[in-house]
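Colleague: I'm new to this one, and I'd like to understand the words you use for it. Can you put it up and take me through them?

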Amino acid sequence: MLWHGSPGPSTNGWSEPQLGEQMAAHGAALFMMAWFFALGASFGSFVNVVAWRVPHGVTLLGSSRCPHCRVQIAKRDNVPILGWIKLRGRCRRCHLPISSRYLWVELALGLIYMVLGLQLFFRAGANVPGGPFFPVSPGLGWINFRLEPELVRLFLDHAFLFSVLLTLALMCWDRLQPPRSFALPCLLTVVFLPWIWTDLHPVKWDDWQSVGTLPMASPWWNRFLTGGVGLVAGTLWGALLGANWNQPNAWPDTRPLVQESSYALGLCGAALGWQAMLAIATLAATGRLAAVAIERRQLAARRPTPAGFFLASAFVLVCGWKWFDQIAAPIPSWTACSLLITATLFCTAASSWVLMRHRKPTPCPDGSVSK
Ligand SMILES: [Zn+2]
């Protein structure tokens, strides 16, 4: 569906839109942006529920309750973002505070969905390698709303990835181990989705550098390999990062952190390919180094959330995916590949080394001190 800018008699192939037409297009575009934001905020509300209930083994059915007085939250108070603001973060019955995390998670996912929608439907996927996938009208600036099935599929795939990453980050923030019954179906969905929707991977597993073409339907084994290679590479690299990610005294046991980290990076690899996964690992490790440098003193008080860093890094990568892809284009493929792997290894090692230096002795139950 193209709202405006159908091919006309002008030399560049597009007719110049009238002022009224432009106003209507802007209004409709703003409405669509608000719609994507509301969709993300609603899923953010669901993410809040999943992140708490699933690790505790509580059913996802049934309405939300106040964490203090356990009274059921009324439908009118359960509207994402607005409900929390209207009640000023307090329960209507017991007036005890309700965490602002609910608000921030809904806002964050609302913004993520809005930016994804903007790039895919308004810029025809200009952020994705090989994009934009459809001609955009120069007369309308950023308004080129197209609701094509290819773009809808990419949107759903990316929106699912970010929603699951956010859920994993929240679970780890609460020091809850993500259960396998949650992580495995999510990983399998991302690996097997390209079997049904054949054009989800703009960068295939054997693309060593820039592709510059439309994501095309490839043979079934190629689709499986792109997701599979990304999943295995991401899982292994995630475990490596997670094992060294622990902060002084934050987790008594490192295993849940390794698991969360490998689930999150495995998910990124399966959805976006191993090349994007390496870039995400590099960005996340660099972000971690920066966080250590900034918060040197309060480090012990912070909670390690690798999935949070992977979420932020994956978002940066997806927003500038085409740009990241083009950096590698002029470099010979094997050089580009080795440079990327070296950069990822270096950042992983550097962040691990810096964290190791900050690790403090943990007191044991019997009063002795262990390192
Ligand atoms: Zn209450």
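Modeller: Let's start where two helices touch: Gly-227, Gly-230, Leu-231 and Trp-237 are among the residues of α6 that meet α7, where the partners include Leu-257, Glu-260, Ser-261 and Leu-272. This is a predicted model: local features need pLDDT of at least 70, side-chain atom pairs count only at pLDDT 80 or more, and totals for chains, interfaces and linings use all residues. Numbering starts from 1 along each chain as its sequence is written.

Colleague: What makes two residues "meet" in α6 and α7?

Modeller: Their C-beta atoms, placed from the backbone, lie within 7 Å. By class, that contact of α6 with α7 has 13 nonpolar, 10 polar and one charged. Nonpolar means Ala, Val, Leu, Ile, Met, Phe, Trp, Tyr, Cys and Pro; charged means Asp, Glu, Lys and Arg; the others, Gly among them, are polar.

Colleague: Why are α6 and α7 called roughly antiparallel?

Modeller: Helix α6 (residues 220-243) and α7 pack at about 150°, with axes 6 Å apart. The label needs an angle over 145 degrees (under 35 is roughly parallel, 65 to 115 roughly perpendicular, the rest oblique), so α6 and α7 come out as roughly antiparallel.

Colleague: And what makes α5 and α7 roughly parallel?

Modeller: The angle between α5 (residues 180-196) and α7 (residues 255-272) is about 15°, and their axes are 8 Å apart. That falls on the parallel side of the cut-offs, therefore α5 and α7 are roughly parallel. Here the contact has nine nonpolar, one polar and no charged residues. Cys-186 and Leu-187 are among the α5 residues involved, and Tyr-263 is one of those in α7.

Colleague: Why is Arg-70 called exposed?

Modeller: Exposed means 12 or fewer other C-beta atoms within 10 Å of a residue's own (buried is 20 or more, partly exposed is in between; C-beta atoms are placed from the backbone). Arg-70 has 9, so it counts as exposed. His-95 has 12, so it is exposed as well.

Colleague: Where do Arg-70 and His-95 sit?

Modeller: Arg-70 is in the loop between α1 and α2, while His-95 is in the loop between α2 and α3. Phi is near 65° for Arg-70 and about 60° for His-95. Most residues other than glycine have a negative phi.

Colleague: How do you know that the bond joining Gly-131 and Pro-132 is cis?

Modeller: Look at omega: it is about -5° for that peptide bond. Pro-132 lies in the loop between α3 and α4. Most peptide bonds are trans.

Definitions and conventions: Axes fitted to C-alpha atoms, helices over the stretch in contact; angles between N-to-C directions. Helix = DSSP H or I, 4+ residues; strand = E, 2+ residues; numbered from the N terminus.
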